[in-house]
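Welcome, and please load the model in your viewer. We will go from stop to stop, with a selection to make at each one.

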Amino acid sequence: MFESLKKKFSRTSDKLEEELIEEAQEENNLEEESGKKFSFFSFGGKDKKEENDSESDVAEIPQEVESIQETDTSDDETSDDKDEKSGFWSFGKKSSDNKEEPQEEEESAEEIQEEEEPKKSHFWSRNKEEDTEESEDADEKTEEKKSRFWSRNKDNDSSEENDEDEEPSGMFSFITAKTISEKHLEDILWELEMGLLEGDVAMEVASAVVDSVKDDLVGRKIKRSNDITEYTYNALRNAVAEIIDIPGKSMTEMIEAKKAQGEPLVVMFVGINGTGKTTTIGKLANYYLKKGYTPVIAAADTFRAGAIEQVNYHADKVGVKLIKHQKGSDPAAVAFDAVEHAKAQGKELVLIDTAGRMQTNTNLMDEMKKIKRVAKPDLVVFVGDALTGNDATQQASKFNEAIDLDGVILTKADADSKGGASLSIGYVIKKPILFLGMGQGYDDIKEYDADWMLNQLFSESGEEVNINEA
């Protein structure tokens, strides 16, 4: 999901990093650093993993030192252990006064390397190599790295056994901290805004994201290239979190509240033809049946040929009662009868199917208003196709003006690579997204969760979507 938006977010981080590194190179304010460069979308997870790994390393090193001290308690080994821990916390800074390690400690360090993840092994081996170099060789090597940092290749002058494992870190630090200014962001944020608009994100949403990112990043002091990734990731994530989190009660909570009053929850569905409105009603009937409720469906689309047969098919498939009249009859009367049936039979949910109509069709919009007056629905829900992007947002806006929507359901969200509608629609009409359609089956519907949506937008591109997640 949302691959297009993910690429645009990642590109923003990459461009800012390129801008700052290029400027630092011109200022001779750059040096390559040992460690591993974080990728943008795995940053959050890897950042937590780094913290856990660091805690694990701190816990494991004293145990190894203790075992060494049991065999040899010489002052030299204690001094070397301190140096090793100092090398960890200084993140690979070179020490010109380090002594050569004893054979026993070197063997223990090799055992640690074999047990650690490749990244840790890589890290410790670099410390060992740099600690054993002479200061003159180290200075020459640093200058050589600076002169060709764009290739991101490190010189490997260590022993042959480490040549195959050694890889470029791709991480740099600034000798003097860099401060992000508006000048650094001007072109980058313009490109981000254009990219969002190309991804069918509404204009006001794109502007809100860009303004939030700018406010968050300007004035940030950067010491390492990974800091750029971290700050950009957090700035974008915070901006999107504000956009997609529209407060509102869930349909399930509303059913419970109405049930306590001895009344059914009445939900009226509106939208244009072809968005999957009738199928969504079948999915919701199935969803709430499995939760222990008893829905009833009203076939209030008496205008379109075959509409009654279509909704009847879904009702039979999931096993719920359908209230229907003849084609061409008053749709408001069908909705009224369904509500009365639910009250008489003690059913908790009424799902009213209405005729699909364009937001510009005045006569049909007036008919929809009549259904609302007669049935008095607790919720009026717009069903939109996520793949139509900004069109879905504009349609929802028109329906909201005409009939005052209470929420949105987006269909085909699983196939949405752009993410424009998912990001924009709730923010534009100031109404919550209630459900997402995630496939063709009756079980393929997910109650909307802003945190889940945020994780989808800021996850690895290949991460699978689980519609059954809470």
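Start by selecting strand S2, residues 172-179, together with S3: the two pair in the antiparallel sense over three bridges. Strands here are DSSP runs of E with at least two residues, helices are runs of H or I with at least four, and both are numbered from the N terminus. Two strands pair if DSSP finds at least two bridges between them. Show side chains at Ser173 and you will find Arg224 of S3 standing opposite.

Before you go further, note that this is a predicted model, in which local features need pLDDT of at least 70, side-chain atom pairs count only at pLDDT 80 or more, and totals for chains, interfaces and linings use all residues. Residues are numbered from 1 along each chain as its sequence is written, and side-chain values use heavy atoms, with hydrogens and water left out.

Now widen the selection to the open sheet, whose three strands run in the order S1-S2-S3 with antiparallel pairing. Which strands stand at the edges? They are S1 (30-32) and S3 (221-224); each has a single partner strand, so one side of each is left without a neighbour in the sheet. From one strand to the next, the twist averages 20°. Add helix H9, residues 225-244, which packs on the sheet and touches S2 and S3. The direction of H9 makes about 130° with that of S3; axes are lines fitted to C-alpha atoms, for helices over the stretch in contact, and angles run from 0 to 180 degrees between N-to-C directions.

Next come the aromatic rings. A search of the whole structure finds seven aromatic pairs. Rings of Phe, Tyr and Trp (its six-membered ring) pair if their centres lie within 6.5 Å; planes under 30 degrees apart count as stacked, over 60 as edge-to-face and the rest as tilted. Select Phe9 and Phe458, a stacked pair at 5.2 Å centre to centre with 5° between the planes. This pair links distant parts of the chain, 449 residues apart: Phe9 lies in helix H1 (residues 3-26), and Phe458 in the segment after helix H17 (450-457). Are these two rings buried or exposed? Phe9 counts as buried because its relative accessibility is 0%, and Phe458 counts as buried at 4%. Buried means under 20% relative accessible area, exposed over 50%, and partly exposed in between (1.4 Å probe, protein chains only).

Move on to Tyr287 and Tyr288, an edge-to-face pair with 5.0 Å centre to centre and 85° between the planes. Tyr287 is buried at 18% relative accessible area, and Tyr288 is buried at 0%. Add Tyr293 and Phe435 to see one aromatic cluster formed with these two tyrosines.

For a last local stop, select Glu367 in helix H14 (residues 362-375). Glu367 counts as partly exposed because its relative accessibility is 26%. Leaving aside residues up to four places away in sequence, Glu367 touches Pro331 and Arg357; contact means heavy atoms within 4.5 Å.

Finally, zoom out and colour by pLDDT, the predictor's confidence in each residue, from 0 to 100. The mean for the protein chain is 75, and 67% of its residues reach 70 or more. Over residues 46-169 the pLDDT is below 50, and this stretch has 130 contacts in the model beyond near neighbours in sequence. The whole protein chain comes to 17 helices and eleven strands, and 50% of its 470 residues count as buried.
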